Amino acid sequence: MKDKTVVLNAGLVNYDGNIDYSQIASEVVMYDETPEDKILERVDGCTVVITKEMKVPGNIIRKFPDSVRMICEAGTGYNNIDLDAVREKGIVLCNIPAYSSERVAHTAILMILNLASSMQKQIRMLVEGNHENFHNHLMVDHVEINGKTLGVIGYGNIAREIIKVAQALGMNIIVSTRTSREDTDSIHFITREEVLRQSDFISLNCPLNESTHHMINKEALDMMKSTAYLINTARGALIDENALIDALQHSVIAGAGLDVQEKEPLDDASPLYTLDNVIITPHMGWRGLETRKRLISLIKDNISAFSKGQPINRVD
């Protein structure tokens, strides 16, 4: 089977020039980015289309030439691709699961540790020339995370990696997941509402779909402890951002660590940039150099398997 491949937004992964897409197929055409009105022109004559977190609407997929037989989302989440249209066209849709599990998990743990130490406030004090933390007693909150309860919503690869590290740090683990599970010696499975009410830290680790969109809204935030922190390394739209900002400004919860935002890039005027109780990063969890190189290797595996008539990691 032919494997001519087009990468529509290679620049999102190869932003530093250290990633080699040329190895993924026998013939590869690359574009750093592709506006919507150029998609059809650029996929013409190609068998495989590679995208990364790029919206590909159904009305465009339905016009794809017959040459396109596979779309590969270069990541875990594929909510940006219209599944109904893919199925109607008979196109195979694959993703790349678990390529960044450890790196994203470490980002979540990084945020938990920094929030527990009020690191955001301490850094801002130094930038402002405020040395009170050194000359007086510590002027910011500083708490242990051992013995604290981490609530995890979702139980996929990334969630399990977060749990592994959190347990090593001495945290108690409670989990809410879509399918019912029996407790283990170290993990207690409960409802989402119970996770919200009982947790000191909550990590969101579920896909974005109709049932999870804005799952963290005003009602959910009001259930949380006023001392609790919310961590999101999954998808920004899991959270109603306006409700979160209001909750942070009025101390409904203690703070948040956000590697993803509802709209990316986040608007420059957003209060999330300046709130002392927020750590915000630019969707960096998957961007480690080793992580991106692993991603390219797994994309190659997907294309190779598809070319042999045995596609892997199908999500359609």
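Here is a walk through this predicted model, going from its two sheets to a few side-chain and backbone details.

Start with the sheet that comes early in the chain. Five strands make up an open, parallel sheet, and reading across it you meet them in the order S2-S1-S3-S4-S5. The edges belong to strand S2 (28-30) and strand S5 (92-94); each has a single partner strand, so one side of each has no neighbour in the sheet. On average, neighbouring strands here are turned by 15 degrees against each other, direction ignored. To see one of the pairings up close, look at strand S1 (residues 5-7), which runs parallel to S2 and is joined to it by three bridges. Val7 is a handy landmark, since its bridge partner in S2 is Met30.

Now move on to the other sheet. This one has seven strands, again open and parallel, in the order S8-S7-S6-S9-S10-S11-S12. At its edges sit strand S8 (187-189) and strand S12 (278-280), and each of these pairs on one side only. The twist from one strand to the next averages 15 degrees.

Let's cross this sheet from the S8 edge. Strand S7 (residues 172-176) pairs with S8 in the parallel sense, over three bridges, and Ile174 has His188 in S8 as its bridge partner. Further across, strand S10 (residues 229-232) and S11 run parallel and are joined by four bridges. Leu230 stands opposite Ala256 in S11. To get from S10 to S11, the chain passes through helix H10 (residues 241-249), and this β-α-β crossover is right-handed. Strand S11 (residues 255-258) is worth a pause: Gly255 and Gly257 point one way, Ala256 and Leu258 point the other, and all are buried. From S11, three bridges lead on to S12, again with the strands running parallel. Gly257 finds its bridge partner there in Ile279.

With the strands in place, which side chains carry the aromatic contacts? The model has two aromatic pairs. In one of them, Tyr155 and Phe189 meet edge-to-face, with 5.2 Å centre to centre and 90 degrees between the planes. This pair links distant parts of the chain: Tyr155 is in the loop between strand S6 (149-153) and helix H7 (157-168), while Phe189 is in strand S8, 34 residues apart. Both Tyr155 and Phe189 are buried. The other pair, Phe201 and Tyr229, is stacked, at 5.2 Å centre to centre and 15 degrees between the planes. Phe201 lies in strand S9 (residues 201-204) and Tyr229 in strand S10, so this pair ties together parts that are 28 residues apart in sequence. Phe201 and Tyr229 are buried as well.

Tyr155 has a charged visitor too: Arg160 lies over its face, 5.4 Å from the ring centre. Elsewhere, the charged end of Lys52 sits over the ring of Trp286, at 4.2 Å from its centre.

A few backbone details deserve a look. The peptide bond from Glu264 to Pro265 is cis, with omega near 0 degrees, and Pro265 is in the loop between S11 and S12. Ser118 isn't a glycine, yet it has a positive phi of about 50 degrees. You'll find Ser118 in the loop between helix H4 (101-116) and helix H5 (119-127). Is Ser118 buried or exposed? Its relative accessibility is 8%, so Ser118 counts as buried. His214 is another non-glycine with a positive phi, this time of about 55 degrees. His214 belongs to the loop between S9 and helix H9 (218-223), and at 21% relative accessibility it counts as partly exposed.

Finally, the record. An unreviewed UniProt entry places the feature "domain: D-isomer specific 2-hydroxyacid dehydrogenase NAD-binding" at residues 110-285. In the model, that span is 31% helix and 16% strand, and its end C-alpha atoms lie 10 Å apart. UniProt, again from an unreviewed entry, lists residues 27-314 for "domain: D-isomer specific 2-hydroxyacid dehydrogenase catalytic". Over residues 27-314 the chain is 34% helix and 15% strand, with 22 Å between the end C-alpha atoms.

Definitions and conventions
Residues numbered from 1 in each chain as written. Predicted model: local features only at pLDDT ≥ 70, side-chain atom pairs only at ≥ 80, totals over all residues. Heavy atoms only, no water. Pairing = 2+ DSSP bridges. Helix = DSSP H or I, 4+ residues; strand = E, 2+ residues; numbered from the N terminus. Axes fitted to C-alpha atoms, helices over the stretch in contact; angles between N-to-C directions. Buried < 20%, exposed > 50% of the residue type's maximum accessible area, 1.4 Å probe, protein only. Right-handed = clockwise from strand over helix to strand, strands pointing away. Phe/Tyr/Trp six-rings, centres within 6.5 Å; stacked < 30°, edge-to-face > 60°. Lys NZ or Arg CZ within 6 Å of the ring centre and 35° of its normal. UniProt positions renumbered as here; feature names shortened; annotations may be inferred.
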